[in-house]
Amino acid sequence: MKLLVTGGAGYIGSVVTALLLEAGHGVTVLDSLSTGHRDAVPPGAALVEGDVHGAADVLDPSFDAVLHFAAKSLVGESVQDPGPYWANNVGGTLALLEAMRSHGVNRLVFSSTAATYGDPLSEAPLRESDPAVPANPYGASKLAVDHLLSGWAQAHGLGAVSLRYFNVAGAHLGFGERHDPETHLVPNLLRVAAGRAPHASVLGTDYPTGDGTAVRDYLHVADLAEAHLRALERAEPGSHRVYNLGSGGGYSVREVLAAVRRVTGHPVPAVDGPRRAGDPAVLVAANALARRELGWKPVRTLDQTVADAWAFARGREADA
Ligand SMILES: NC(=O)c1ccc[n+]([C@@H]2O[C@H](COP(=O)([O-])OP(=O)(O)OC[C@H]3O[C@@H](n4cnc5c(N)ncnc54)[C@H](O)[C@@H]3O)[C@@H](O)[C@H]2O)c1
Ligand SMILES: O=c1ccn([C@@H]2O[C@H](COP(=O)(O)OP(=O)(O)O[C@H]3O[C@H](CO)[C@H](O)[C@H](O)[C@H]3O)[C@@H](O)[C@H]2O)c(=O)[nH]1
């Protein structure tokens with residue numbers, strides 16, 4: 001297939017692009033490089049440096065489908081300054097959909113998020129049919145796009161799949177996480193193991209969980225990436241499907257810390273701190289729908305996820 005990947009210079013987009021190329025697809029990346037990196041675009045993909053608002057100039061009728069990763073995705077920043085989240089995530093997607101429509105490109109895979117669910121009332125694994133009540137503008141902007149896609153599929157025959165990622169971590173095919181600032185738990189713990197920070201922070205120790213720290217569903221980026229190939233096949237004109245992508249299991253911050261200590265052999269000193277605003281206690285995916293309808297199965301363990309992120313981080317240190 002001939003594919004457009006928006007956000008292909010970012011963390012997840014670069015891994016998925018590498019996998020798409022490996023599977024024999026042709027990929028053009030459209031990325032503003034606002035949080036991505038030119039050298040994160042896998043060799044073999046063409047890079048167009050630009051904003052998704054300009055997608056009409058990049059697409060043409062020879063494209064078979066679009067994978068849309070480009071977005072602003074920092075929860076805290078979205079609370080402080082919501083405007084760019086609506087402009088970029090919703091406005092940018094609307095411009096992309098208009099461009100696809102005008103060029104007759106009618107298949108889309110979209111990066112949605114567990115943040116669409118907000119702060120769940122129960123600790124049970126979240127199903128796609130559960131109430132979606134976002135707790136911040138980032139999650140609200142992604143939920144708005146999910147609704148936009150449903151209407152667009154019905155009105156204009158788009159075949160769309162929203163993939164609701166839970167906590168993505170790890171590295172694959174030489175591509176991994178390089179955010180600045182980095183807010184995510186696994187790379188932050190690895191910075192300590194690499195000697196680049198004196199200690200880690202445990203953000204909240206009074207959650208109603210087994211050890212008092214927040215529980216998340218960590219999914220290896222390779223497992224996540226694989227689901228995109230299946231979603232591309234599943235995108236049927238006139239329909240919009242939504243799938244959770246998570247491992248189906250939860251780990252507390254302290255359990256992730258233990259995994260990082262195990263994998264790196266570093267003591268990773270950690271300091272207990274207050275909760276981070278807007279963080280739910282527990283977010284774990286029910287992934288039965290993706291298993292059933294996409295034929296997808298996550299197979300990598302938390303330790304493997306941490307080990308692959310660690311190998312990637314060490315490789316970057318060696319290159320620096
Ligand atoms: N990392 C996670 O755990 C996670 C979880 C749930 C959902 N997601 C979603 O997955 C997607 C990718 O996340 P990531 O962690 O790889 O983020 P990232 O910041 O590493 O990548 C996003 C990429 O999009 C580009 N971009 C942003 N706005 C753009 C625009 N208007 N036009 C063109 N390019 C633009 C950036 O330069 C960057 O390369 C995002 O949509 C995010 O909301 C990520
Ligand atoms: O240095 C850190 C960083 C994080 N945490 C904690 O670790 C957990 C995971 O935090 P991350 O920042 O790694 O991930 P989030 O769960 O906040 O966010 C992820 O999942 C969200 C869905 O809820 C969004 O999709 C978002 O884009 C994605 O990164 C949270 O309890 C957080 O408070 C720490 O204790 N110390």
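Why does the distance between the end C-alpha atoms of helix H9 (residues 302-319) agree with its 18 residues? At 1.5 Å a residue, H9 should span 26 Å, and its end C-alpha atoms are 26 Å apart, so the two agree. The model is predicted.

**Helix H9**

Several residues of H9 are buried: Leu 302, Thr 305, Val 306, Asp 308, Ala 309, Trp 310, Phe 312 and Ala 313. The buried residues of H9 pack against three strands, S7 (167-169), S10 (218-220) and S12 (251-252). They also pack against helices H5 and H7 (253-264).

**The sheets**

One open sheet has 7 strands. Their order is S3-S2-S1-S4-S5-S6-S11, and the pairing is parallel. Strands S3 (46-49) and S11 (240-245) are the edges, each pairing on one side only. From one strand to the next, the twist averages 20 degrees. S11 is joined to strand S6 (residues 159-165) by 6 bridges, and the two run parallel. Here Val 161 stands opposite Arg 241 in S11. Helix H3 packs on this sheet, touching strands S1 (2-6), S4 (65-68) and S5. The direction of H3 makes about 175 degrees with that of S4.

Another open sheet has 3 strands, ordered S12-S9-S14, with mixed pairing. S12 and S14 (282-283) each have a single partner strand, so one side of each is left without a neighbour in the sheet. Strand S9 (residues 215-216) runs antiparallel to S12, with 2 bridges between them. Arg 216 stands opposite Tyr 251 in S12.

**The ligand shells**

Two ligands have listed surroundings. Around ligand 1 there are 28 residues, with Gly 7, Gly 10, Tyr 11, Gly 36 and Ala 71 nearest. Helices H1 (11-22) and H3 (83-103) each give two or more residues to this shell, as do strands S2 (26-31), S5 (107-113) and S7. H1 supplies the largest share, 3 residues.

Around ligand 2 there are 21 residues, and Thr 113, His 184, Leu 185, Leu 203 and Ala 214 come nearest. Helix H5 (185-193) and strand S8 (200-203) are the elements that give two or more residues to the shell. S8 gives the most, with 4 residues.

The shells divide by residue class as follows.

| Shell | Nonpolar | Polar | Charged |
|---|---|---|---|
| Ligand 1 | 11 residues | 15 residues | 2 residues |
| Ligand 2 | 10 residues | 8 residues | 3 residues |

Note on methods
Residues numbered from 1 in each chain as written. Chains lettered and ligands numbered in written order. Predicted model: local features only at pLDDT ≥ 70, side-chain atom pairs only at ≥ 80, totals over all residues. Near = placed C-beta within 6 Å. Nonpolar A, V, L, I, M, F, W, Y, C, P; charged D, E, K, R; others polar. Expected span 1.5 Å × (residues − 1). Buried ≥ 20, exposed ≤ 12 C-beta atoms within 10 Å, placed from the backbone. Contact = placed C-beta atoms within 7 Å. Pairing = 2+ DSSP bridges. Axes fitted to C-alpha atoms, helices over the stretch in contact; angles between N-to-C directions.
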